[in-house]
Amino acid sequence: MRVPLPEPPAHRARLSWQPRSTFLTFALVLVAVIGWAGAPSPARAATDPSMAASTLASMNRDRDARGLRPYRIDTRLIEIAQAHADAMAASGVLSHWTGGSSVCDAVEASSIAWYGCGEDIGTTDAAWGLPAAEWLYGLWRASPSHWAAMMSPDYNYVGIAFALRSDGSTYASIVFLEGPDRTRPSARMTSRSRSGTTVRFGWAGSDPLLQTHTAGLRDFDVRYRVDGGTWHRIRTATTATSITLRYRARGHSYWISVQDRDRRGNLSGWSTPFRIWVP
(Lines give C-alpha, C1' and ligand atoms only; values in the text may rest on other atoms or scores of the structure.)
Protein backbone atom coordinates (compact mmCIF):
# COMPACT_ATOMS: atom_id res chain seq x y z
CA MET A 1 0.00 0.00 0.00
CA ARG A 2 1.51 3.34 -1.06
CA VAL A 3 0.18 6.60 0.29
CA PRO A 4 1.74 9.92 -0.79
CA LEU A 5 2.37 12.60 1.81
CA PRO A 6 2.54 16.32 1.08
CA GLU A 7 6.03 17.12 -0.18
CA PRO A 8 7.94 19.27 2.29
CA PRO A 9 9.73 22.22 0.73
CA ALA A 10 13.32 21.66 -0.45
CA HIS A 11 13.53 18.07 0.79
CA ARG A 12 12.42 14.61 -0.22
CA ALA A 13 11.56 11.88 2.23
CA ARG A 14 9.68 8.67 2.66
CA LEU A 15 8.59 6.72 5.68
CA SER A 16 7.36 3.36 6.74
CA TRP A 17 5.97 1.81 9.93
CA GLN A 18 5.57 -1.79 11.01
CA PRO A 19 3.87 -3.00 14.18
CA ARG A 20 4.10 -6.55 15.42
CA SER A 21 3.05 -8.36 18.57
CA THR A 22 3.29 -11.86 19.96
CA PHE A 23 -0.40 -12.31 19.28
CA LEU A 24 -0.88 -10.69 15.90
CA THR A 25 1.38 -9.73 13.01
CA PHE A 26 0.16 -6.79 11.00
CA ALA A 27 0.81 -6.60 7.27
CA LEU A 28 0.05 -2.90 7.43
CA VAL A 29 2.83 -0.80 5.94
CA LEU A 30 2.63 2.88 5.15
CA VAL A 31 5.13 4.22 2.64
CA ALA A 32 5.29 7.84 1.57
CA VAL A 33 7.31 8.24 -1.62
CA ILE A 34 8.45 11.70 -2.58
CA GLY A 35 10.79 11.89 -5.55
CA TRP A 36 12.90 8.86 -4.61
CA ALA A 37 15.88 7.93 -6.81
CA GLY A 38 19.47 6.72 -6.55
CA ALA A 39 21.63 3.67 -7.20
CA PRO A 40 22.85 1.52 -4.31
CA SER A 41 26.01 2.80 -2.63
CA PRO A 42 27.56 2.12 0.74
CA ALA A 43 26.69 3.92 3.95
CA ARG A 44 29.34 6.43 5.06
CA ALA A 45 28.53 7.19 8.69
CA ALA A 46 26.60 5.88 11.64
CA THR A 47 24.43 7.83 14.04
CA ASP A 48 25.54 11.22 15.28
CA PRO A 49 24.61 10.98 19.01
CA SER A 50 22.86 14.35 18.82
CA MET A 51 20.43 12.97 16.23
CA ALA A 52 19.19 10.16 18.45
CA ALA A 53 19.14 12.45 21.50
CA SER A 54 17.10 15.06 19.63
CA THR A 55 14.60 12.48 18.38
CA LEU A 56 14.18 10.93 21.82
CA ALA A 57 13.77 14.35 23.46
CA SER A 58 11.13 15.41 20.92
CA MET A 59 9.26 12.14 21.25
CA ASN A 60 9.28 12.21 25.05
CA ARG A 61 8.27 15.87 25.10
CA ASP A 62 5.24 15.03 22.96
CA ARG A 63 4.47 11.98 25.08
CA ASP A 64 4.58 14.05 28.25
CA ALA A 65 2.13 16.55 26.71
CA ARG A 66 -0.29 13.65 26.27
CA GLY A 67 0.13 12.24 29.77
CA LEU A 68 2.35 9.35 28.63
CA ARG A 69 5.53 8.13 30.28
CA PRO A 70 8.86 8.76 28.53
CA TYR A 71 10.43 6.05 26.45
CA ARG A 72 13.57 4.53 27.91
CA ILE A 73 16.59 3.70 25.79
CA ASP A 74 17.70 0.07 25.51
CA THR A 75 21.21 -0.18 24.06
CA ARG A 76 20.42 -3.58 22.55
CA LEU A 77 17.63 -1.98 20.53
CA ILE A 78 20.04 0.74 19.39
CA GLU A 79 22.31 -1.96 17.96
CA ILE A 80 19.40 -3.53 16.11
CA ALA A 81 18.17 -0.17 14.81
CA GLN A 82 21.70 0.77 13.72
CA ALA A 83 22.18 -2.48 11.83
CA HIS A 84 18.90 -1.89 9.99
CA ALA A 85 19.63 1.78 9.23
CA ASP A 86 23.08 0.79 7.92
CA ALA A 87 21.61 -1.94 5.72
CA MET A 88 19.03 0.43 4.23
CA ALA A 89 21.66 3.09 3.59
CA ALA A 90 23.97 0.56 1.95
CA SER A 91 21.26 -0.77 -0.38
CA GLY A 92 19.39 2.49 -0.94
CA VAL A 93 16.14 0.65 -0.23
CA LEU A 94 13.68 1.72 2.46
CA SER A 95 12.18 -1.49 3.81
CA HIS A 96 11.28 -3.20 7.08
CA TRP A 97 12.85 -6.37 5.73
CA THR A 98 16.60 -6.96 5.45
CA GLY A 99 17.81 -10.32 4.21
CA GLY A 100 14.33 -11.77 4.68
CA SER A 101 13.94 -10.69 8.31
CA SER A 102 12.70 -7.68 10.26
CA VAL A 103 13.95 -5.88 13.35
CA CYS A 104 11.36 -7.78 15.37
CA ASP A 105 12.97 -11.01 14.17
CA ALA A 106 16.32 -9.56 15.28
CA VAL A 107 14.85 -8.76 18.71
CA GLU A 108 13.68 -12.35 19.03
CA ALA A 109 17.00 -13.76 17.79
CA SER A 110 18.81 -11.64 20.39
CA SER A 111 16.85 -13.35 23.19
CA ILE A 112 15.41 -10.03 24.34
CA ALA A 113 12.22 -10.56 26.34
CA TRP A 114 9.32 -8.74 24.68
CA TYR A 115 5.55 -8.61 24.39
CA GLY A 116 5.21 -6.24 21.44
CA CYS A 117 7.55 -4.82 18.81
CA GLY A 118 7.36 -2.20 16.07
CA GLU A 119 9.46 0.07 13.91
CA ASP A 120 9.32 3.48 12.25
CA ILE A 121 11.70 4.00 9.34
CA GLY A 122 12.37 6.91 7.03
CA THR A 123 14.80 8.58 4.67
CA THR A 124 15.48 12.18 3.76
CA ASP A 125 17.99 14.26 1.82
CA ALA A 126 18.02 16.96 4.50
CA ALA A 127 21.54 17.78 5.73
CA TRP A 128 23.15 15.09 7.87
CA GLY A 129 22.85 15.71 11.60
CA LEU A 130 20.12 17.58 13.42
CA PRO A 131 18.47 18.92 10.22
CA ALA A 132 17.85 15.35 8.99
CA ALA A 133 16.71 14.12 12.42
CA GLU A 134 14.32 17.03 12.90
CA TRP A 135 12.97 16.74 9.37
CA LEU A 136 12.22 13.06 9.76
CA TYR A 137 10.61 13.63 13.14
CA GLY A 138 8.30 16.19 11.60
CA LEU A 139 7.27 13.72 8.91
CA TRP A 140 6.71 10.89 11.38
CA ARG A 141 4.71 13.27 13.53
CA ALA A 142 2.45 14.13 10.61
CA SER A 143 1.75 10.48 9.74
CA PRO A 144 -1.01 8.85 11.85
CA SER A 145 0.52 5.37 11.69
CA HIS A 146 4.02 6.53 12.64
CA TRP A 147 2.61 8.81 15.30
CA ALA A 148 0.66 5.92 16.82
CA ALA A 149 3.92 4.07 17.49
CA MET A 150 5.65 7.12 18.92
CA MET A 151 2.69 7.85 21.20
CA SER A 152 1.95 4.21 22.02
CA PRO A 153 0.28 3.43 25.37
CA ASP A 154 2.01 0.02 25.37
CA TYR A 155 5.63 0.36 24.21
CA ASN A 156 8.15 1.32 26.88
CA TYR A 157 11.63 1.02 25.30
CA VAL A 158 13.21 2.32 22.09
CA GLY A 159 16.40 2.19 20.10
CA ILE A 160 17.06 5.02 17.62
CA ALA A 161 19.64 5.04 14.84
CA PHE A 162 20.55 6.89 11.64
CA ALA A 163 22.92 6.10 8.78
CA LEU A 164 24.32 8.34 6.03
CA ARG A 165 24.40 7.10 2.46
CA SER A 166 27.22 8.26 0.20
CA ASP A 167 24.77 10.31 -1.90
CA GLY A 168 24.05 12.43 1.18
CA SER A 169 20.69 10.91 2.10
CA THR A 170 19.91 9.79 5.65
CA TYR A 171 18.17 6.55 6.63
CA ALA A 172 16.60 6.08 10.05
CA SER A 173 15.14 3.30 12.18
CA ILE A 174 13.31 3.56 15.49
CA VAL A 175 12.73 0.17 17.12
CA PHE A 176 9.90 0.16 19.67
CA LEU A 177 9.47 -2.53 22.29
CA GLU A 178 6.97 -3.45 24.94
CA GLY A 179 9.01 -5.47 27.37
CA PRO A 180 9.61 -6.24 31.03
CA ASP A 181 11.27 -3.62 33.20
CA ARG A 182 15.04 -3.63 32.62
CA THR A 183 15.72 -0.11 33.92
CA ARG A 184 17.88 0.14 37.04
CA PRO A 185 16.26 1.68 40.13
CA SER A 186 18.12 4.32 42.14
CA ALA A 187 18.97 4.61 45.83
CA ARG A 188 19.97 7.62 47.90
CA MET A 189 20.80 8.44 51.50
CA THR A 190 18.31 10.85 53.05
CA SER A 191 19.22 11.50 56.68
CA ARG A 192 21.84 11.09 59.39
CA SER A 193 21.90 12.02 63.05
CA ARG A 194 23.83 11.31 66.24
CA SER A 195 22.94 11.21 69.92
CA GLY A 196 25.99 10.47 72.07
CA THR A 197 27.46 7.27 70.65
CA THR A 198 24.30 6.29 68.79
CA VAL A 199 24.14 7.06 65.05
CA ARG A 200 21.13 6.84 62.76
CA PHE A 201 20.94 6.81 58.99
CA GLY A 202 17.96 6.90 56.62
CA TRP A 203 17.62 6.18 52.93
CA ALA A 204 15.11 5.92 50.08
CA GLY A 205 14.85 4.42 46.63
CA SER A 206 12.87 4.89 43.45
CA ASP A 207 12.05 2.82 40.40
CA PRO A 208 11.59 4.98 37.26
CA LEU A 209 8.04 4.69 35.97
CA LEU A 210 7.67 3.09 32.55
CA GLN A 211 4.63 3.39 30.34
CA THR A 212 3.96 -0.27 31.07
CA HIS A 213 5.42 -3.08 33.22
CA THR A 214 7.18 -0.98 35.89
CA ALA A 215 8.50 -3.60 38.31
CA GLY A 216 8.43 -1.52 41.52
CA LEU A 217 10.97 -1.51 44.35
CA ARG A 218 11.54 -4.67 46.35
CA ASP A 219 14.31 -4.17 48.93
CA PHE A 220 17.70 -2.70 49.89
CA ASP A 221 21.20 -3.84 50.70
CA VAL A 222 23.13 -1.81 53.29
CA ARG A 223 26.90 -1.53 53.65
CA TYR A 224 28.94 0.01 56.46
CA ARG A 225 32.50 1.04 57.14
CA VAL A 226 34.52 2.73 59.87
CA ASP A 227 36.85 5.58 58.91
CA GLY A 228 38.58 4.63 55.65
CA GLY A 229 38.27 0.90 56.20
CA THR A 230 36.73 -1.85 54.11
CA TRP A 231 33.03 -1.79 53.31
CA HIS A 232 30.99 -4.58 54.91
CA ARG A 233 27.45 -5.51 53.92
CA ILE A 234 25.38 -5.48 57.13
CA ARG A 235 21.87 -5.86 55.69
CA THR A 236 20.73 -7.83 52.64
CA ALA A 237 17.31 -7.63 51.03
CA THR A 238 15.86 -5.50 53.81
CA THR A 239 12.69 -3.47 53.39
CA ALA A 240 13.72 -1.10 56.18
CA THR A 241 14.60 2.48 55.26
CA SER A 242 16.70 3.34 58.31
CA ILE A 243 19.22 1.88 60.68
CA THR A 244 20.30 2.73 64.23
CA LEU A 245 23.80 1.77 65.40
CA ARG A 246 24.40 2.06 69.13
CA TYR A 247 27.55 2.24 71.25
CA ARG A 248 29.91 3.36 68.51
CA ALA A 249 33.49 3.91 69.65
CA ARG A 250 34.43 7.55 69.99
CA GLY A 251 36.94 9.26 67.72
CA HIS A 252 35.82 7.56 64.52
CA SER A 253 33.76 8.23 61.39
CA TYR A 254 30.92 5.87 60.51
CA TRP A 255 29.68 5.51 56.95
CA ILE A 256 26.55 3.98 55.42
CA SER A 257 25.67 3.42 51.75
CA VAL A 258 22.74 1.54 50.19
CA GLN A 259 21.62 -0.03 46.95
CA ASP A 260 18.13 -1.18 46.00
CA ARG A 261 16.60 -3.72 43.64
CA ASP A 262 13.27 -3.91 41.91
CA ARG A 263 10.89 -6.85 41.67
CA ARG A 264 12.57 -8.08 38.50
CA GLY A 265 15.97 -8.11 40.17
CA ASN A 266 17.36 -4.97 38.50
CA LEU A 267 19.93 -3.56 40.91
CA SER A 268 20.91 0.07 41.45
CA GLY A 269 24.42 1.29 42.02
CA TRP A 270 25.57 2.05 45.54
CA SER A 271 24.39 5.43 46.79
CA THR A 272 26.71 8.27 47.70
CA PRO A 273 27.56 7.40 51.33
CA PHE A 274 26.67 9.46 54.38
CA ARG A 275 29.23 9.93 57.19
CA ILE A 276 28.83 10.68 60.88
CA TRP A 277 31.72 11.55 63.20
CA VAL A 278 31.45 10.41 66.81
CA PRO A 279 33.69 12.71 68.90
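This is a short chat about a disulfide and a three-stranded sheet in a predicted model.

User: What should I know about the model before we start?
Analyst: It is a predicted model, where local features need pLDDT of at least 70, side-chain atom pairs count only at pLDDT 80 or more, and totals for chains, interfaces and linings use all residues. Residues are numbered from 1 along each chain as its sequence is written, and side-chain values use heavy atoms, with hydrogens and water left out.

User: How many disulfides does the structure hold?
Analyst: One, where a disulfide is a pair of cysteine sulfur atoms within 2.5 Å. Cys104 is joined to Cys117, with S to S at 2.3 Å.

User: Where do Cys104 and Cys117 lie?
Analyst: Cys104 is in helix H3 (residues 103-109) and Cys117 in strand S4 (residues 116-124), so the disulfide ties together parts 13 residues apart in sequence. Helices (H or I, at least four residues) and strands (E, at least two) are DSSP runs, numbered from the N terminus.

User: Left-handed or right-handed?
Analyst: The S-S torsion of Cys104 and Cys117 is about -95°, so the disulfide is left-handed.

User: And is Cys104 buried or exposed?
Analyst: Cys104 is buried, at a relative accessible area of 0%, and Cys117 is buried at 0% as well. Buried means under 20% relative accessible area, exposed over 50%, and partly exposed in between (1.4 Å probe, protein chains only).

User: Switching to the sheet: what is the strand order?
Analyst: S7-S8-S11, an open sheet of three strands with antiparallel pairing. Two strands pair if DSSP finds at least two bridges between them.

User: Which strands stand at the edges?
Analyst: S7 and S11; each has a single partner strand, so one side of each is left without a neighbour in the sheet. From one strand to the next, the twist averages 15°. Axes here are lines fitted to C-alpha atoms, for helices over the stretch in contact, and angles run from 0 to 180 degrees between N-to-C directions.

User: How many bridges join S7 to S8?
Analyst: Nine, between S7 (residues 186-195) and S8 (residues 198-206). Arg192 has Phe201 in S8 as its bridge partner. Two residues separate the strands of this hairpin, and Gly196 takes a positive phi near 65°.

User: What about S8 and S11?
Analyst: Four bridges pair S8 with S11 (residues 242-245) in the antiparallel sense. Arg200 stands opposite Thr244 in S11.
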